[in-house]
Amino acid sequence: MYKALTIVLIAIIGTACASTLCPTCINIAEQSINILLNLILDSGIIGTCGTLCQALAEKTGSQVIGTICDLVCDAVGIDEFIKLLDNADLDPIWYCEIAKLCPVNDHGDAKITKFSILPASGPQGTTFSIDLTYVSLNGTGTGELVIDIHTPDRIPLGSGFLAEAKKAGTYEERITVKAEPDPQCDPTQEPCEEWLPGVYNVTVQICNGECGSKHPHSAIYDSAKGSFQLTR
């Protein structure tokens, strides 16, 4: 979703959240941050929050996007807002938390109680199911579920998924990975995973905020590790 490395053939099945404001904002934020940076660098538009965010609204054709930009920019101030954009230091979750469109829970928790990868091995083309169960005693904040796979050919694979804020309870998630080459991957443009025989080490993290972020309302709740093997 919003990690630099993505696995193309990957899907997640989890518990849906009733609110649509937070995921909508995050989808908008991903687009907005890149356009805002281009407006500053290419067009030299700075001025005030109103000037910059109105330019964003006109560029995207959406007053909603401009309004969310105003909320975030006014909250941190135009100088800090531009600094964050220049340093590529404004992740979508934090952006929407500043706009008060994504819930914050700094006392949340999540503990992974079950973790499995099935089947344990299989030939290329096998779909592996990565299942985890986690328990939260205090609920969770808006965060991320991240999977990283270390491959035999050392091409890093990974993907991040929005984990919307949840109440205290027990939750199950499933990530499926189909171990076959992506026919749309162009090796002249980027490394392409060939899914060679060998051991694939998997790490899954549940985070408050974006995993690895240094911003407020961010932390790693828990992580789990496992592996699967591709046979010839």
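User: How much space lies in the largest cavity?

Analyst: In this predicted model, about 50 Å³ of space lies in the largest cavity. A search of the whole structure finds 1 cavity of 30 Å³ or more.

User: What makes this space a cavity, and which residues line the largest cavity?

Analyst: The term cavity applies because a 1.4 Å probe fits at its points but cannot get out. The lining consists of Y134, T140, G141, G143, A163, E164, K166, I206, C207 and Y221. By class, these lining residues divide into 5 nonpolar, 3 polar and 2 charged.

User: How do you know that strands β8 and β9 pair, and in which sense?

Analyst: Two strands pair if DSSP finds at least two bridges between them. Strand β8 (residues 198-208) and strand β9 (residues 219-231) share 11 bridges in the antiparallel sense, so the criterion of at least two is met. Within this pairing, V202 stands opposite G226 in β9.

User: In what order do the strands of the sheet run, and why are β3 and β6 said to stand at the edges?

Analyst: The open sheet is formed by 5 strands in the order β3-β9-β8-β5-β6, with mixed pairing. Strands β3 (121-123) and β6 (157-163) each have a single partner strand, so one side of each is left without a neighbour in the sheet. On average, neighbouring strands of this sheet are turned by 25° against each other, direction ignored.

User: How many aromatic pairs are found, and why is the pair of F128 and F228 called stacked?

Analyst: The search of the whole structure finds 4 aromatic pairs. For F128 and F228, the ring centres are 4.1 Å apart and the planes stand at 25°. Rings pair if their centres lie within 6.5 Å, and planes under 30 degrees apart count as stacked; the pair of F128 and F228 is therefore stacked. F128 lies in strand β4 (residues 127-136) and F228 in strand β9, so the pair ties together parts that are 100 residues apart in sequence.

User: What makes Y200 and F228 a stacked pair, and are these residues buried or exposed?

Analyst: The ring centres of Y200 and F228 are 5.3 Å apart and their planes stand at 0°, so the pair is stacked. Y200 belongs to strand β8 and F228 to strand β9, so this pair ties together parts that are 28 residues apart in sequence. Y200 and F228 are both buried, a term that requires under 20% relative accessible area. F128 is likewise buried.

User: Which residues do the ring pairs link into a cluster?

Analyst: The cluster linked by ring pairs contains F128, W195, Y200 and F228.

Terms used
Residues numbered from 1 in each chain as written. Predicted model: local features only at pLDDT ≥ 70, side-chain atom pairs only at ≥ 80, totals over all residues. Heavy atoms only, no water. 1 Å grid on protein atoms, 1.4 Å probe; cavity = no way out; pocket = protein on both sides within 12 Å on 5 of 7 lines; lining within 4 Å. Points joined across faces, edges and corners; volume = space filled by probe spheres on them. Nonpolar A, V, L, I, M, F, W, Y, C, P; charged D, E, K, R; others polar. Helix = DSSP H or I, 4+ residues; strand = E, 2+ residues; numbered from the N terminus. Axes fitted to C-alpha atoms, helices over the stretch in contact; angles between N-to-C directions. Phe/Tyr/Trp six-rings, centres within 6.5 Å; stacked < 30°, edge-to-face > 60°. Buried < 20%, exposed > 50% of the residue type's maximum accessible area, 1.4 Å probe, protein only.
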